[in-house]
Structure formats: C-alpha cells, structure tokens
Amino acid sequence: MTCLDGPGDDPDEGSDDAPDAVALDIADAVESLTNLWSVAAQQAALRLSTHQLRALLVLEAATELNLTSLAERLGTGLPTASRLCDRLEAAGMLERSLHPEKRREVRLSLTTQGRRVLDDVAARRARALAAVLTGMDPAERSALRRVMRAFLAARSDGEHPPKAP
C-alpha cells in the first residue's frame, strides 16, 4: 500500500492524527519493513520459504508440538503441514519423536541445525533493521522506540491469547 502525497499533504502542515490516517502511514512502514525482513531472511545461509520459516518459528516458541497442533497454529491442513515437516526433516531442521506416554502421538521439535538457521535469520534481520535505523536522527530513533513500546502495550492490553493446550 503506497500513499501518494499531493498538494496540502505535507505532514508538517497540521498533521492528521486520526487513527485511520495514522494507520495508513503505519501500513506503508510495515510494508517496507516486511520487504526488508523478507530480503534479510532470503540472504540466510539456508534459504527457506515463508511457510518453512514460520513453522520453525512456531516450533521454537512452542516446543514439542504434534502435527495437529502445528497445523492449527499455521492455519493449514494436516496434509500440508505433514509435507512441510517432511521437507524440514529432510533438511535436518526438524525431528520427529514418539511421545513417551502416548504411543500414537509424534512430537515435533527443532534440531540444532534448525535453531542455527533461526539464529542466522534473526541476526540478518537485526543487521538490516539497524542499517535503516542508522540513517535516522537519534531523537527519531528514541521516539520510534517509545512509540513501538506504546503500540505493543496497547496491543497486549486488548489481547486475550488462547490458552496453551
């Protein structure tokens, strides 16, 4: 989403702080950040699809999920999640193991290689973001940090995360 400024749209001239106007500006920034994030991830030593990277991140956050839980968190069907896990396992980033108490359940977990890949992607993303932030005035960076913290606080106040199974 790109907003084209026109005559009288100078942000310094009586800026419009209405939520809808601010949301459009933020949407532009998020689109740019998403592109930066994606490019940084694709420059990692091992290139992953967006779905593969997302699956690894889900497994990092919630260890030892089963296939059904992973599919639910990814918003995909079981066959799709299974094929995704097959590819990640073949690449050495995920391992399947039998649940010690439930014979029919298979747990999914990251391997050391999977964690290494996630660390590499995170480091590349942080460097790419830091390069952009370097071009900002220190006062702007400080203001951005304050605003992002306020945004995260407002979001978490209105959020009721689902209980873990």
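This passage walks through the overall fold of the chain, one helix pair and three individual residues.

The model is a predicted one. Its protein chain has 6 helices and 3 strands, and going along the sequence they come in the order α-α-β-α-α-β-β-α-α. The chain runs to 165 residues, of which 21% count as buried. As for contacts between residues at least 6 apart in sequence, 46% of them link residues at least 24 apart.

Now for the helix pair. Two packed helices are described by the angle between their axes and the distance between the axes. Here the pair is H2, covering residues 50-61, and H5, covering residues 112-134, and their axes sit 11 Å apart at an angle of about 105°. Because angles of 65 to 115 degrees count as roughly perpendicular, H2 is roughly perpendicular to H5. On the H2 side, the contact is made by Leu53, Leu56, Leu57 and Glu60, which meet Leu118, Val121 and Arg125 of H5. Sorted by character, the residues of this contact come out as 5 nonpolar and 2 charged, with no polar ones.

Arg125, one of the H5 residues in that contact, is worth a look of its own. Arg125 is buried but has no salt bridge. The nearest side chain of opposite charge belongs to Glu60, and it is 9.0 Å away; a salt bridge would need a side-chain nitrogen within 4 Å of a carboxyl oxygen. What does Arg125 touch, not counting residues up to four places away in sequence? The list is Trp37, Ala40, Ala41 and Leu53. Of these, Leu53 is in H2 and takes part in the helix contact, while Trp37, Ala40 and Ala41 fall within the 19-42 range of helix H1.

Just ahead of H5 comes Thr111, in the loop that connects strand S3 (106-110) to that helix. Is Thr111 buried or exposed? Its relative accessible area is 15%, and buried means under 20%, so Thr111 is buried. With neighbours within four places in sequence set aside, Thr111 is in contact with Gly92, Met93, Leu94 and Glu95.

Val22 gives another case, this time in helix H1. Its relative accessibility is 31%, so Val22 counts as partly exposed, a class that lies between the 20% limit for buried and the 50% limit for exposed. Setting aside neighbours within four places in sequence, Val22 is in contact with Asp16 and Asp17.

Methods: Residues numbered from 1 in each chain as written. Predicted model: local features only at pLDDT ≥ 70, side-chain atom pairs only at ≥ 80, totals over all residues. Heavy atoms only, no water. Axes fitted to C-alpha atoms, helices over the stretch in contact; angles between N-to-C directions. Helix = DSSP H or I, 4+ residues; strand = E, 2+ residues; numbered from the N terminus. Parallel < 35°, antiparallel > 145°, perpendicular 65-115°, else oblique. Contact = heavy atoms within 4.5 Å. Nonpolar A, V, L, I, M, F, W, Y, C, P; charged D, E, K, R; others polar. Buried < 20%, exposed > 50% of the residue type's maximum accessible area, 1.4 Å probe, protein only. Lys, Arg positive; Asp, Glu negative; His and termini not counted.
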